[in-house]
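Please open the model in your viewer, with the sequence panel beside it, and follow the stops below in order. Each stop names what to select and then says what is found there.

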Amino acid sequence: MKTVTTISELRAERAKLTGPVGFVPTMGYLHAGHLSLARRAREECASVVASIFVNPTQFAPTEDLASYPRDLARDSHLLEDTGVDLLWTPTPEVMYPEGFQTWVTVDEVTKVLEGASRPTHFRGVTTVVAKLFNGVQPQRAYFGQKDAQQAVVIRRMVQDLNFPIEIVVCPIVREPDGLALSSRNTYLDSAQRQAATVLSRSLNAAKDAFHAGQHDADKLRALVTEIVNAEPLADLEYISCAHPDTLQEHKGKVDRVLFSMAVRVGRTRLIDNLIV
Ligand code: AMP
């Protein structure tokens, strides 16, 4: 596996790869969720490129940019073992050189859910993903369902701006007790780690209720709220019961639903979701 930092090094190494090229963008501190994307890309593409970049523009000033976990040496070994051909690790100076002032914004689908709680987040995500796409020029790019809204936003951007890239969304990888893998899980102490199962527990309860015939959006949201409120270490930020493509909040009876939620456990903000 080759590792490159600058745009010119990337271009030179990218030119040597045979297509189709699959691309896996990450912020590093890799776990089995990230590696499931790389493995899927390895199965489906002739060449695989991964990136590791903790993107400052998608963090608000109050968020965890400085403390976000990093371990490039370990990440490199994991990606190499998964069969990645090329790793791009740009620095903030490579991505945002002096004078940078061009942004990519997606409108409606970024205003709700994570976008309502984190108003500048998706502008950072779409801008950096557009730059990563322009650098790597993949035929396919792999994202996780873990960040359900991000997948919707990226699909929208790719369609609206005619990026010739197929977006592949891969299932959420979970711990045996249901907790979705996340680099931020390392912030949790053992009591918090236990409490964090409330996200998947409450989503599964909503799924079970749905399959048992409860199709009222307000009642389904109330069920999740009640379960999270019963966990003393967890604070519910939002629970959404929305259309999986438009992300518009459902009212009354529902048939296809994306349940998504953000919960604070101590100072750690966790997200999870489930489609029924
Ligand atoms: P991040 O490093 O958090 O930006 O994540 C990089 C990619 O990995 C994103 O497309 C995430 O949705 C995906 N991802 C993160 N956690 C998981 C997980 N538990 N299962 C599947 N994909 C994941």
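Does T127 count as buried or exposed? T127 counts as buried, at 2% relative accessibility, where buried means under 20% relative accessible area, exposed means over 50%, and partly exposed lies in between (1.4 Å probe, protein chains only). Before going further, please note that this is a predicted model, in which local features need pLDDT of at least 70 and side-chain atom pairs count only at pLDDT 80 or more, while totals for chains, interfaces and linings use all residues. Residues are numbered from 1 along each chain as its sequence is written, and side-chain values use heavy atoms, with hydrogens and water left out.

**Stop 1: around T127**

Select T127, which is found in helix α6; helices (H or I, at least four residues) and strands (E, at least two) are DSSP runs, numbered from the N terminus. Leaving aside its neighbours within four places in sequence, T127 is in contact with F100, T102, W103 and V104, contact meaning heavy atoms within 4.5 Å. For V104, display the backbone as well, since the backbone nitrogen of V104 lies 3.0 Å from a polar atom of the side chain of T127.

**Stop 2: helix α1 and the loop after it**

Next select residues 7-14, which form helix α1, and colour its buried residues L10, E13 and R14. Seen down the axis of α1, these buried residues fall within an arc of 100 degrees (taken from the directions from the helix axis to the C-beta atoms), so they line one face of the helix. The face turned away from that buried side carries the exposed residues S8 and R11. To see what covers the buried residues of α1, show β1 (2-4), β2 (21-26), β4 (86-88) and α6 (121-136), which are included in that cover.

Now add K16, whose side chain meets that of E13 in a salt bridge (2.9 Å, N to O); a salt bridge is a side-chain nitrogen of Lys or Arg within 4 Å of a carboxyl oxygen of Asp or Glu. K16 is exposed, with a relative accessible area of 57%, whereas E13 counts as buried at 14% relative accessibility. Moving on to the loop between α1 and β2, select P20, and look at the peptide bond from G19 to P20, which is cis, with omega near 0 degrees.

**Stop 3: where the two domains meet**

Colour domain 1 (2-170) and domain 2 (183-275) separately, using bounds that come from an automatic or database domain assignment. Their C-alpha centres lie 26 Å apart, and 21 residues of domain 1 are in contact with 19 residues of domain 2. Between them the domains bury about 1,600 Å², 51% of it on carbon and sulfur atoms, buried area being the accessible area (1.4 Å probe) that two parts lose on being put together, summed over both. In domain 1, L113, E114 and K146 lose the most area to domain 2, together 32% of what that side buries.

The count between the two domains is two salt bridges. Zoom in on E114 and R269, whose side chains meet in a salt bridge (2.8 Å, N to O), and then extend the selection to E63, R118, E237 and R264, which are linked with E114 and R269 in a network of salt bridges. On the side of domain 1 that touches domain 2, the elements giving two or more residues are α5 (114-117) and α7 (148-160), and α7 gives the most, with three residues.

**Stop 4: the loop between β7 and β8**

Finally, go to the loop between β7 (234-242) and β8 (258-265), and select L247. L247 has a positive phi of about 65 degrees although it is not a glycine, and at 1% relative accessibility L247 counts as buried. Then show D245 and R256, which form a salt bridge with the closest N and O atoms 3.6 Å apart. Both D245 and R256 lie in the loop between β7 and β8, so the pair ties together parts that are eleven residues apart in sequence. D245 is partly exposed, with a relative accessible area of 46%, and R256 also counts as partly exposed, at 42% relative accessibility.

How values were computed. Polar contact = N/O pair within 3.5 Å; in protein donor to acceptor, adjacent residues only side chain to side chain.
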